[in-house]
Amino acid sequence: MIEFQNVVKQFPDGFRAVNGLSLTIHDGEITVLIGPSGCGKTTSMRMVNRLLSISDGRIMVEGRDNRDFPAEELRRKIGYAIQQVGLFPHMTVLQNIAVVPRLLGWEEDRIHKRVDELLELVGLDPDVNRDKYPRQLSGGQQQRIGVARALGADPPIMLMDEPFGAIDPITREVLQDEFLEIQKRISKTIIFVTHDIDEAIKMGDRIAIMREGSLVQYDTPDTLLAKPRNRFVRDFVGADRQLKRLGLLRVRELMAKETPHVNLRDRAEDARSAIERAGVKSAFVVDEDGVLRGWVDREGLRENPDSLLDAMNEGDYREIGVRQSATAREALSAMVARGFRITPVVNEKGVLVGSITLRALQELAEQGWAEGDQAT
Amino acid sequence: MGGRGSGHVRGATGTTGRTVNGGLGEGPRPLAALGRFFTPAALVWLAFAALLFVAMNVRETIHDPQLRAAGVKEATIVPDLWLPVFSFNPSTVVAIKGSDDLRVLSFGGLPAVVSDSPNPAAASDKAGAPWRVTLGWFALFMVLVEGLLGVRYAQRDEKLVRPLVRAAGIFLVIWSIYGHEPFWDWLLHGIFPSSPDLLYNSNTVISLAGQHLTLVLISSVITVAIGLALGIMVTRAEFREFLPLVSDIVNSGQTVPTLAIVAIMAPIIGFGFWPAIVALILYGLLPVVRNTIVGLEGVDPSMIDAARGMGMTASQILWQIEVPNASRIILAGVRTSVVINVGTAALGAYVGSGGFGNPIASGLNQAIQPWVLLGALSAALLAILLDYILGRVEYVMTPKGLIIER
């Protein structure tokens with residue numbers, strides 16, 4: 001756990017970059033510090049491993065004032081990854097990752113094992129990459145090495161200063177996803193600085209919005225989007241915050257598990273009665289394995305009253321359904337694009353598991369909107 | 001590995017399509033690969049070497065007055081250093097008709113024996129021990145070093161034959177200039193046919209070279225030590241305020257004419273070796289200090305930030321991160337400084353420090369042009385040679401990761 005207690009940073013020229021910051025960072029979580037330029041987010045982070053001195057207040061790291069340790073010793077226990085990566089070009093990948101373990105005096109065998117382990121963790125083949133030099137790597141690969149290096153001696157805490165900031169948007173997405181996967185396994189306590197609200201929402205377990213050296217709001221992404229504390233936060237998270245919030249929710253959590261459906265081999269009358277019984281306009285059609293094959297509506301049944309196969313609209317589950325692991329935002333987008341009011345939800349194999357309606361999503365968004373307005 | 005374009009950092013004259021495959025290399029296609037080594041530059045070296053070989057193997061009229069007085073009018077000049085290389089027989093014949101005077105031919109080389117001398121045994125004695133370490137052996141050593149470098153760094157840029165060919169050329173040049181006075185005899189007589197005094201009479205070229213080299217090496221070692229220390233010191237946060245002061249002093253050291261420094265030092269320290277050394281140090285400091293500062297300041301700050309953030313101490317950052325990354329620029333400064341020193345060391349002759357300045361000064365005083373040319377050419381060649389050697393040092397000492405290609 002890291003605890004900022006009334007931390008102040010005043011530079012020699014009198015500028016107060018951080019002004020009485022109090023913040024508790026929970027173990028095993030990614031805490032994002034975000035805010036406009038000059039808000040003190042990077043300064044706050046750099047005080048944790050004492051790259052900057054603290055003017056007033058204190059920072060507790062795992063229950064002890066971080067000034068109780070010699071600075072170098074403290075830093076070796078805290079992983080550090082930065083936007084510019086800062087790999088050492090004269091060292092191989094192995095030597096780069098081994099910097100902290102070597103500082104800590106690990107044995108060579110242990111270091112080699114650790115480096116291979118880390119390379120695999122960040123998705124690079126150790127045999128191919130171990131002896132390469134940074135110049136031989138792409139930007140994305142360099143940043144992966146940067147993360148591996150920060151994890152070198154398996155520190156419980158990591159500081160990451162816009163680690164994916166200088167990378168093209170597509171690679172950035174990939175790296176973010178990969179890092180979230182890694183974090184699931186390693187559960188480090190991470191302070192993550194960024195100025196990109198989308199990245200913050202995606203990466204953060206909690207987000208601390210800062211402005212002019214002070215904390216404005218510290219909440220989970222969902223709460224932050226649903227209940228921005230004031231106009232500054234609302235502007236900062238953006239006008240599309242409702243949509244962003246839908247991006248946090250999974251279809252799995254929102255869908256109706258009971259949905260009217262008929263089997264491909266059923267008769268047309270069965271389908272008609274099922275629809276009428278449920279009081280809806282249409283039903284989904286599945287095959288004997290439960291895989292979504294299309295849908296049938298009242299109109300179709302009226303035109304082809306004898307055959308379900310003739311009455312139904314066939315469609316591939318990839319095109320007419322959404323995955324249960326998709327976000328609500330993706331489901332909304334799919335419905336808007338296809339002109340559906342209701343869309344079937346399928347699992348990885350295409351088996352129908354439920355449905356979600358446009359109305360449900362709208363209500364969700366409206367609810368957030370109302371809550372947000374109440375909060376102001 | 002897609003991505004950013006391949007940066008050819010080194011070797012603008014490089015061959016095309018080099019690859020760095022982590023030591024695995026491509027399949028062997030020796031003949032096709034050989035073609036790539038013979039770049040225009042390599043061919044020029046080869047031609048140069050061949051030319052020297054032919055030029056050195058001719059029968060020459062002897063112009064040396066001493067020898068002429070002794071009745072030697074003509075000789076087959078066989079480069080003495082080739083004897084062990086090609087015949088492996090130290091007593092291979094070097095013919096000087098009617099003379100047993102070996103002053104000329106055994107100079108700085110391996111023993112040479114005059115075949116038709118009246119007394120071959122005596123001649124052989126005069127030539128000295130067969131395995132005497134000479135400049136020739138130094139040249140041979142350079143060839144070996146070049147060869148080894150070529151093998152060691154074959155993966156780096158696939159230049160194996162090129163350095164070898166280049167080394168052969170250098171070998172010939174060193175030998176002909178410093179180890180072979182008939183060459184000078186022949187050259188100077190060609191330029192100044194009417195001059196009676198061709199070779200400088202009070203020192204041999206080799207001993208002048210020795211004096212000159214001593215001056216340059218001692219002053220350079222001290223210069224580099226002081227320069228590095230100063231450069232490192234003023235780039236540390238604690239001493240940064242001295243940076244302008246130091247660069248002013250260092251700059252002014254090079255502004256004051258060396259001759260003036262030499263002249264000022266002479267009354268204080270006296271004549272001879274040390275005043276020249278002091279002047280050389282003052283004069284050579286600028287490139288070392290400046291390049292050290294530029295090199296260290298040029299190290300990517302994010303790299304240093306990362307190093308600090310990982311818990312490296314200030315001295316670990318300096319020696320493990322900053323210096324290796326600045327090494328190329330620092331070494332370039334050292335190289336410049338040493339080369340400049342070769343030129344300025346010639347001025348040491350005015351305070352009696354010896355070196356190639358001696359024939360220049362005497363030649364100017366007595367209006368004997370061949371002496372001036374002898375000193376100037378030899379000094380110039382020494383500068384080129386040292387520059388070359390330091391270039392190789394730079395090549396070896398620059399961390400591989402800084403010059404590797406994708």
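## How far to trust chain B

Chain B has an average pLDDT of 69, and 50% of its residues score at least 70. Keep in mind that this is a predicted model, so it pays to look at where the confidence sits. Within chain B, the low point is helix α4 (residues 82–87), with a mean of 31. The high point is helix α14 (residues 301–309) of chain B, at 94.

Two stretches of chain B deserve some caution. Over residues 1–28 of chain B, pLDDT stays under 50, and the model gives that stretch 31 contacts beyond four places in sequence. Residues 77–136 of chain B also stay under 50, with 121 contacts beyond four places in sequence.

## Chain A and the complex

Now for the partner. Chain A has a mean pLDDT of 89, with 97% of its residues reaching 70 or more. Residues 372–376 of chain A are a weak spot: the pLDDT is below 50 there, and the stretch has eight contacts in the model beyond near neighbours in sequence.

What does the predictor say about the complex? It gives an ipTM of 0.77 and a pTM of 0.70.

## Where the chains meet

On chain B, 24 residues are in contact with 24 residues of chain A. Helices α14, α15 and α18 (400–403) of chain B each supply at least two residues to the side of chain B that touches chain A. Which of these gives the largest share? That is α14(B), with six residues. Recall that α14(B) is also where confidence in chain B is highest.

As for chemistry, the side of chain B that touches chain A divides into 10 nonpolar, nine polar and five charged residues.

## Two helix pairs in chain B

Start with helix α13 (residues 273–297) and helix α15 (residues 314–345) of chain B. They pack at an angle of about 155 degrees, and their axes are 8 Å apart. At that angle, α13(B) and α15(B) are therefore roughly antiparallel to each other. The crossing of α13(B) past α15(B) is right-handed. The residues of this contact come to 14 nonpolar, nine polar and two charged.

Next come helix α16 (residues 357–366) and helix α17 (residues 369–397) of chain B, whose axes come within 7 Å and cross at roughly 155 degrees. That angle makes α16(B) roughly antiparallel to α17(B). Here, α16(B) passes α17(B) in a left-handed crossing. Among the residues making the contact are B:P359, B:I360 and B:L364 of α16(B), along with B:W371, B:V372 and B:L374 of α17(B). By class, the contact of α16(B) with α17(B) has seven nonpolar, six polar and no charged residues.

## A sheet in chain A

Over in chain A, four strands form an open sheet with mixed pairing, in the order β11-β12-β13-β14. Which strands sit at the edges? They are β11 (261–263) and β14 (313–314) of chain A, each pairing on one side only. As background, strands of a sheet pair through backbone hydrogen bonds, either parallel or antiparallel.

Look at β11(A) and strand β12 (residues 282–286) of chain A: they run parallel and are joined by three bridges. In β12(A), A:V286 is the bridge partner of A:N263. Helix α14 (residues 268–278) of chain A packs on the sheet, touching β11, β12 and β13 (292–297) of chain A. The direction of α14(A) makes about 130 degrees with that of β12(A).

How values were computed:
Residues are numbered from 1 along each chain as its sequence is written. Chains are lettered from A and ligands numbered from 1 in the order in which they are written. This is a predicted model: local features need pLDDT of at least 70, side-chain atom pairs count only at pLDDT 80 or more; totals for chains, interfaces and linings use all residues. Axes are lines fitted to C-alpha atoms, for helices over the stretch in contact, and angles run from 0 to 180 degrees between N-to-C directions. Angles under 35 degrees count as roughly parallel, over 145 as roughly antiparallel, 65 to 115 as roughly perpendicular and the rest as oblique. A crossing is left-handed if the near helix is turned anticlockwise from the far one by less than a right angle, and right-handed if clockwise. Ala, Val, Leu, Ile, Met, Phe, Trp, Tyr, Cys and Pro count as nonpolar, Asp, Glu, Lys and Arg as charged, and the others, Gly among them, as polar. pLDDT is the predictor's confidence in each residue, from 0 to 100. Two residues are in contact if their C-beta atoms, placed from the backbone, lie within 7 Å. Two strands pair if DSSP finds at least two bridges between them.
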